[in-house]
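Reader: I'm new to this structure and would like some help reading it. Could you walk me through a few features, one at a time?
Author: Happy to! Let's look together.

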Amino acid sequence: MTALLDHLRTHKTPSRWLAALRALVRTDSLWLIVLAAITGILAGLAVSLITFTTLLAHNMLAPGYKRLSGLEHVAPWRALLVPATGGLLLGLWHYALQRHNRHRPVDPIEANALHGGRMSLRDSLIVTGQTILSNGCGISLGLEAGFSQIGSAFGSRIGRNLRMHRADVRLLVGCGAAGAIGSAFDAPLAGAFYAFELIIGSYAFPLLAPVACASLCALAVVHLTGETLPAITMTIPQDVPPLAYPLLAVLGAISALIGVTLMKSAAYAEQVFATCVRPVWLRPMVGGLLVGGLAILSPTVLSSGHIAMRAGLVNPPLFWAAIGLLLLKAAASTLSIGSGFRGGLFFASLYLGVLTGAAFASVVTPIMDISLALCTVAGMCALATAIIGGPLTMILLTLETTHSANLTAAVALTALVASFTVKRIFGYSFATWRFHLRGENIRSGVDVGWMRTLTVGRMMRTQLDLLDASTTVANARTIFAGRMPRYIVLHDGYNHYAGLLESNLIQSIAIAPDQPLAAIVDNDGEVLSPDYSIGHAVAAFERTARPALAVTDKDGRILGILSERYVLRRYAEELERTRRELAGEKHGK
């Protein structure tokens, strides 16, 4: 603190204060924890404000009742009118953004995986506003997308304004997400591991302090503002019968199948809406009408389902009631996503998991006396793991939510089985599945953006030894008599690429001196483009088994040359840098 005060006394302008703070952060990791705490506080304030605003909007559907999924009845005209009106407003909002050529917002996972943690605060505010509108009008999606988006954007903006290292910016993005999720669910450990497993992409001990600090600070802010729910009180079995574990493993596999079905159904619903409702701005309105129709049958499908989930844990429904509510909630969430509403499936997956566990318990009870509460808690964890990913996050969230530490082994078993099953039969979580549909091969927040920025054009050597392809071997020996290069690039009369020749060929006594160079070079047309990433370059070298390849533009003009040895060395250097960042070695100062 003394060092900071000294800097502030000697630097009078705000820009110099910023430079002083930047210098302190880069030299002492303690200040990184301070920035993480600030990020957590901002995330907590955002969660409180978003929650307050959304609950206020819920009065349109149920005046005087803020938590929609706990309703027993909703007026049919409100159930149809409010979601449809909200959908129309959202559709017009989308249309206005498209007319101004707004690019697609980057979410925290994509930002950390591809863009070094760079996020637009303006775009994040738009996503948050659309999430509030969607959930506020009763659509069957959660607020966690808005929570994590704005929390991560705060961290990104702080890191970018201070011109911090790429790894530090990515860490602050994770801190913002940890604070948002930890405070939203009143589960700080789950928030921290959400950042590790999904946003940062790995766990490292040196990163624990800033991430946990952000989560705890955000939780403290939310508690101070009063935007939390009372703890769940439920009867938890003191022990789990050994014979119950095989049944719980089956529950984990069933939850995985339901999760995969839900994720594929959401993608299919988007295709159906795109085909049947051509105007993009009209799709949310149609989706709102359909969700409103389901809400008339059961108001538990409205909003995120948080209160319905808590009610299901305390008083689990019977088999047919659980199956009916499961189908209604799954259909409502699928329609909400497919029609273009903003939100996530985090909250919804917890409620769907409770219903799955309740239905499963009703089936297996005649076979074995198994606790209904055990099945609902385990099902909640398993289905959330299947849809969201991050088994450790979901295990901790379940234990922190239900205060059922004695069920740790049972909950962990179902989560791990669900996670393994999804990876074997599907391979994606909900977030990464949507990336896959857009053509992005992202599995987590692990930094792979360097593979796209490290292009052939940046790595190639432009100082070349060029010869016309019609030059004879004898002339080539004369030209390079005092200096024989390793590679000679051949071109034709129009300066187009004609082959890549290794110099040892023209030095061989088996080659006739009067032969043209074009006759001894093997030119199959295999070249690299300057836009290729390092991954494409490595694949090209493996495919051709050549030590070097020429780089040309789309018209065949020669730009440079790239050797396999140099590419592999750069690839190894970047992998080592990434490994050090994942291990947190950079932050262990």
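Reader: How many nonpolar, polar and charged residues does the lining of the largest pocket have?
Author: A good way to read a pocket is to sort its lining by class. Keep in mind that this is a predicted model. Here the lining of the largest pocket has 25 nonpolar, 13 polar and 11 charged residues.

Reader: How much space lies in the largest pocket, and which residues are the closest to its centre?
Author: The space in the largest pocket comes to about 1,400 Å³. Its lining has 49 residues, and Phe341, Arg342, Gly343, Arg434 and Arg438 are the closest to the centre.

Reader: What volume does the second largest pocket have, and which residues are the closest to its centre?
Author: We can read this one in the same way. The second largest pocket has a volume of about 530 Å³. It is lined by 36 residues, and those closest to the centre are Arg67, Ala184, Leu229, His306 and Phe347. By class, its lining divides into 18 nonpolar, 12 polar and 6 charged residues.

Reader: Which elements give two or more residues to that lining?
Author: Here we go from single residues to elements. They are α3 (30–57), α8 (166–184), α13 (306–314), α15 (346–364) and α17 (391–402). The largest share, 4 residues, comes from α13.

Reader: Now for a helix. Which residues of α25 are buried, and which are exposed?
Author: For a helix, it helps to ask which way each residue points. In α25, which spans residues 534–544, the buried residues are Ile534, Ala537, Val538, Ala540, Phe541 and Thr544. These residues lie on the same side of α25 because they cover an arc of only 160° around the axis. Glu542 and Arg543, on the other side of α25, are exposed.

Reader: What phi does Ala545 take, just after α25?
Author: Ala545 has a positive phi of about 55°.

Reader: Let's finish with cysteines. How many disulfides does the structure hold?
Author: To read this, we check the distances between cysteine sulfur atoms. The structure holds 0 disulfides. For Cys175, the nearest cysteine sulfur is that of Cys213, 8.1 Å away. For Cys217, the nearest is also that of Cys213, at 4.0 Å. A disulfide needs the two sulfur atoms within 2.5 Å, and neither Cys175 nor Cys217 is in one.

Reader: Is Cys175 buried or exposed?
Author: Cys175 counts as buried, because its relative accessibility is 0%.

Key. Residues numbered from 1 in each chain as written. Predicted model: local features only at pLDDT ≥ 70, side-chain atom pairs only at ≥ 80, totals over all residues. Heavy atoms only, no water. Buried < 20%, exposed > 50% of the residue type's maximum accessible area, 1.4 Å probe, protein only. Arc of directions from axis to C-beta. 1 Å grid on protein atoms, 1.4 Å probe; cavity = no way out; pocket = protein on both sides within 12 Å on 5 of 7 lines; lining within 4 Å. Points joined across faces, edges and corners; volume = space filled by probe spheres on them. Nonpolar A, V, L, I, M, F, W, Y, C, P; charged D, E, K, R; others polar.
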